[in-house]
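Please look at the sequence and the model before reading on. The text below walks through the helices and the contacts between them.

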Amino acid sequence: MLPDYFLLALHPENARAWQERGHVCLSENDLEKAKRYLQQLEKLAPDHTQVHYNLGLIYMREGKVEEGQTAMARFQELQAKENEEFTRQNQAFKKRVEAQDAVASGEPERAIPIYSELMKEGTAQLSDFIALCNIYLST
């Protein structure tokens, strides 16, 4: 496996490599290098939650309080969105299990509105479409 810095040279669009180099520099307390790597990561992946947290810490340690607060506010905003999405996906998973249980118990007609709801919510997976097709084909 290539070291991250070779990967950066070969594939500068690889966000994970920028993240890893930033973390290495942070662990070595090389804030200037870490900041450069993380700022590049921010350009490549502006919605990457941890980059804003780490940049916020660096800015605070540099005494750049306003920049640090801005980065931390962005981190909290993205963290809240991630939490909302996690909750949404968790609820979809529970519905999916309910639909699968209905089919398994010989009541596929109960699963149809559940799968339809997943599709309307935008949380349906390919397996949900297939399951719904199979229900319609078997009736």
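What follows goes along the chain, from the loop before helix 3 to the packing of helix 7. The model is a predicted one.

Start at Asn 29, which sits in the loop joining helix 2 to helix 3. Its phi is positive, about 65°, although Asn 29 is not a glycine. The relative accessibility of Asn 29 is 46%, so the residue counts as partly exposed.

Beyond this loop come helix 3 (residues 31-44) and helix 4 (residues 49-61), which pack at an angle of about 145° with axes 10 Å apart. The crossing of helix 3 past helix 4 is left-handed. On the side of helix 3, the contact is formed by Leu 31, Ala 34, Lys 35, Leu 38, Gln 39, Leu 41 and Glu 42; on the side of helix 4, by Val 51, His 52, Asn 54, Leu 55, Ile 58, Tyr 59 and Arg 61. By class, the residues of this contact are eight nonpolar, three polar and three charged. As for the spacing of such residues along a helix, an α-helix has 3.6 residues a turn, so positions three or four places apart point the same way.

Several of these residues belong to the largest nonpolar core, which has 13 residues. Leu 38, Leu 41, Val 51, Leu 55 and Ile 58 are those with the most contacts inside this core. Helix 2 (15-27), helix 3 and helix 4 each give two or more residues to the core, and helix 3 gives the most, with five. Val 51 shows how the contacts run: leaving out residues up to four places away in sequence, Val 51 touches Leu 38, Leu 41, Glu 42 and Ala 45. Apart from this core lies another one, of eleven residues, among them Ala 99, Ala 111, Ile 112 and Ile 135.

Helix 4 itself has 13 residues and reaches 19 Å from its first C-alpha to its last, close to the 18 Å expected at 1.5 Å a residue. Its buried residues are Thr 49, Val 51, His 52, Asn 54, Leu 55, Gly 56, Ile 58 and Tyr 59. They pack against helix 2, helix 3 and helix 5. After helix 4 comes Gly 63, with a positive phi near 85°.

Is Tyr 59, in helix 4, buried or exposed? Its relative accessibility is 9%, so Tyr 59 counts as buried, the cut-off for buried being under 20%. Neighbours within four places in sequence aside, Tyr 59 is in contact with Lys 35, Gln 39, Lys 64, Glu 67, Gly 68 and Ala 71. Lys 35 and Gln 39 are also among the helix 3 residues that meet helix 4, while Gly 68 and Ala 71 are among the buried residues of helix 5. Tyr 59 and Thr 70 are eleven residues apart in sequence, and their C-alpha atoms are 9.7 Å apart in space.

Helix 5 (residues 65-104) has 40 residues, which should span 58 Å at 1.5 Å a residue; the C-alpha atoms at its ends are 57 Å apart, in agreement with that value. Buried in helix 5 are Gly 68, Ala 71, Met 72, Phe 75, Leu 78, Ala 92, Lys 95, Arg 96, Ala 99 and Ala 102. The cover over these residues includes helix 4, helix 6 (108-121) and helix 7 (126-138). Following helix 5 is Gly 106, whose phi is positive, near 80°.

Helix 6 has 14 residues and a span of 20 Å between its first and last C-alpha, close to the 20 Å expected. Pro 108, Ala 111, Ile 112, Ile 114, Tyr 115 and Leu 118 are its buried residues, and what covers them includes helix 5 and helix 7. Just after helix 6, Gly 122 has a positive phi of about 80°.

The last contact to examine is that of helix 6 with helix 7. Their axes come within 10 Å and cross at roughly 145°, and the crossing is left-handed. From helix 6, Pro 108, Ala 111, Ile 112, Tyr 115, Ser 116, Leu 118 and Met 119 meet Asp 128, Phe 129, Ala 131, Leu 132, Ile 135 and Tyr 136 of helix 7. This contact has eleven nonpolar residues, one polar and one charged. Ala 111, Ile 112 and Ile 135 are also among the residues of the eleven-residue core.

Note on methods: Residues numbered from 1 in each chain as written. Predicted model: local features only at pLDDT ≥ 70, side-chain atom pairs only at ≥ 80, totals over all residues. Heavy atoms only, no water. Axes fitted to C-alpha atoms, helices over the stretch in contact; angles between N-to-C directions. Helix = DSSP H or I, 4+ residues; strand = E, 2+ residues; numbered from the N terminus. Left-handed = near helix turned anticlockwise from the far one by under 90°. Contact = heavy atoms within 4.5 Å. Nonpolar A, V, L, I, M, F, W, Y, C, P; charged D, E, K, R; others polar. Expected span 1.5 Å × (residues − 1). Buried < 20%, exposed > 50% of the residue type's maximum accessible area, 1.4 Å probe, protein only. Core = buried A, V, L, I, M, F, W, Y, C linked by side-chain atoms within 4.5 Å.
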